[in-house]
Amino acid sequence: MLYYLFEYLDKTMDIPGTGVFQYITFRSALALILSLLISTIYGKKIITFLRNQQVGETVRELGLEGQNQKAGTPTMGGLIIIIATLIPVLLLTKLNNIYIILLVVTTLWMGVIGFIDDYIKIFKKDKQGLKGIFKVIGQVGLGIIVGSVLYFNPSVTIRERSAEPISFNQTENVIRETPRETKSTVTTIPFTKNNELDYAKIIEWTGEGYENWAWLVFIPIVIFIITAVSNGANLTDGIDGLAAGTSAISVLALGIFAFVSGNVILSNYLNIMYIPNSGEMTVFIAAFVGALIGFLWYNSYPATVFMGDTGSLTIGGIIAVLAISVRKEMLLPVLCAIFFAENLSVIIQVSYFKYTKKRFGEGRRVFLMSPLHHHYQKKGYHESKIVTRFWIVAILLAIVSIVTLKLR
């Protein structure tokens, strides 16, 4: 909203300084500061409200040191992240930008699913919360919306280069690169020289006109990514500061990708895909990072609030949509390897337990406990040490991911 106000003032009244709102870097810095202030200052009031409403966490008996002391800690703290993100976004972004619209929808959509889950756990006294099938339906629904918009909306394009030879004489040719914006299902493959993959090529075997049916491949891929990443974030939210801290690091790396992909000069210099209008996501990302860091003010050990599924599902959904939008979804196993490891540890544990129970009559375990962070707790590591080391790993993974801009 402020963006449009200052744009109007700059064009009609020529007031000095109003033109600075045209710069993504300025609005991103402002969004980061504003979201950080909102989450830290008003976060305390939200926590007090949650405590007064007796929105307390019911902790499972995990046999972990200090776990029972967390019972009664206010949850649904993801509301802090959502509010602190959306207010700067509504004030400082171009609200007609298709990527901003998708991210706002994602935030609200996943926030509502997580809120319902937390509400059932707390007020209906059902520890299972929202049934898994309904969570999946919600995630699939968001995947269909995001995939359809990214595929069919005319504003979602990439800029291609086509080389056209121009003959000046019989012995000399000059190559002119003519950029053009086009709809495409092309994405980026990390660590490769010719690092582009077109999802449409998967159904090339169907014959002529296969490009028209590429959505049959693209949309299911989007659904899978959103479901996997949101569940990974949900599983990672198990000890104080783990999910918020690792997510902030990953999102910051995605912010760099969004900025360079949406800048025609930087994308040309780095020889990466230029995605028109995607740079505006940098403002959203800055607000989101500020909200996550501000939330850590209260969520770091010992936590005075938990994010609950309201926050964890929202975080995962946003990260997935950001990665898909900047065509870096294939980098997620590296950038979000913490989420991937948490997911994988649960899958391995459950699968091996069922297999050994069927074959040997008793279930056996690979890990002392899953998800992975509980395994280290069982081994006697303090949760602060686990969180700090996971953060360090997340930083290294983010650096590796950023390096892929040039490492091919």
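**Exercise 1.** In this predicted model, determine how helices H6 and H12 are oriented with respect to each other, and describe the residues through which they meet.

*Solution.* Begin with the axes: those of H6 (residues 215–236) and H12 (residues 337–360) come within 8 Å and cross at roughly 80°. Angles of 65 to 115 degrees count as roughly perpendicular, and H6 and H12 are therefore roughly perpendicular to each other. Next, turn to the residues: on the H6 side the contact involves Ala228, Val229, Asn231, Gly232, Ala233, Leu235 and Thr236, which meet Ile338, Phe339, Glu342, Asn343 and Val346 of H12. Sorted by character, the residues of this contact comprise 7 nonpolar, 4 polar and 1 charged.

**Exercise 2.** Classify the ring pair Phe21 and Phe26, then the ring pair Trp213 and Trp215, and state how accessible Phe21, Phe26 and Trp215 are.

*Solution.* The model holds 10 aromatic pairs. For Phe21 and Phe26, the ring centres lie 5.4 Å apart with the planes at 70°, and because planes over 60 degrees apart count as edge-to-face, the pair belongs to that class. Phe21 is buried, at a relative accessible area of 7%, whereas Phe26, at 31%, is partly exposed. For Trp213 and Trp215, the centres are 6.4 Å apart and the planes stand at 35°, so this pair is tilted. Trp215, with 28% relative accessibility, is partly exposed.

**Exercise 3.** Identify the residues that form one aromatic cluster with Tyr151, and locate the charged end of Arg364.

*Solution.* Tyr151 forms one aromatic cluster together with Phe152, Tyr199 and Phe218. The charged end of Arg364, in turn, sits over the ring of Phe360, at 4.2 Å from the centre of that ring.

Methods
Residues are numbered from 1 along each chain as its sequence is written. This is a predicted model: local features need pLDDT of at least 70, side-chain atom pairs count only at pLDDT 80 or more; totals for chains, interfaces and linings use all residues. Side-chain values use heavy atoms; hydrogens and water are left out. Axes are lines fitted to C-alpha atoms, for helices over the stretch in contact, and angles run from 0 to 180 degrees between N-to-C directions. Helices (H or I, at least four residues) and strands (E, at least two) are DSSP runs, numbered from the N terminus. Angles under 35 degrees count as roughly parallel, over 145 as roughly antiparallel, 65 to 115 as roughly perpendicular and the rest as oblique. Contact means heavy atoms within 4.5 Å. Ala, Val, Leu, Ile, Met, Phe, Trp, Tyr, Cys and Pro count as nonpolar, Asp, Glu, Lys and Arg as charged, and the others, Gly among them, as polar. Rings of Phe, Tyr and Trp (its six-membered ring) pair if their centres lie within 6.5 Å; planes under 30 degrees apart count as stacked, over 60 as edge-to-face and the rest as tilted. Buried means under 20% relative accessible area, exposed over 50%, partly exposed in between (1.4 Å probe, protein chains only). A charge sits over a ring if NZ of Lys or CZ of Arg is within 6 Å of the ring centre and within 35 degrees of the ring normal.
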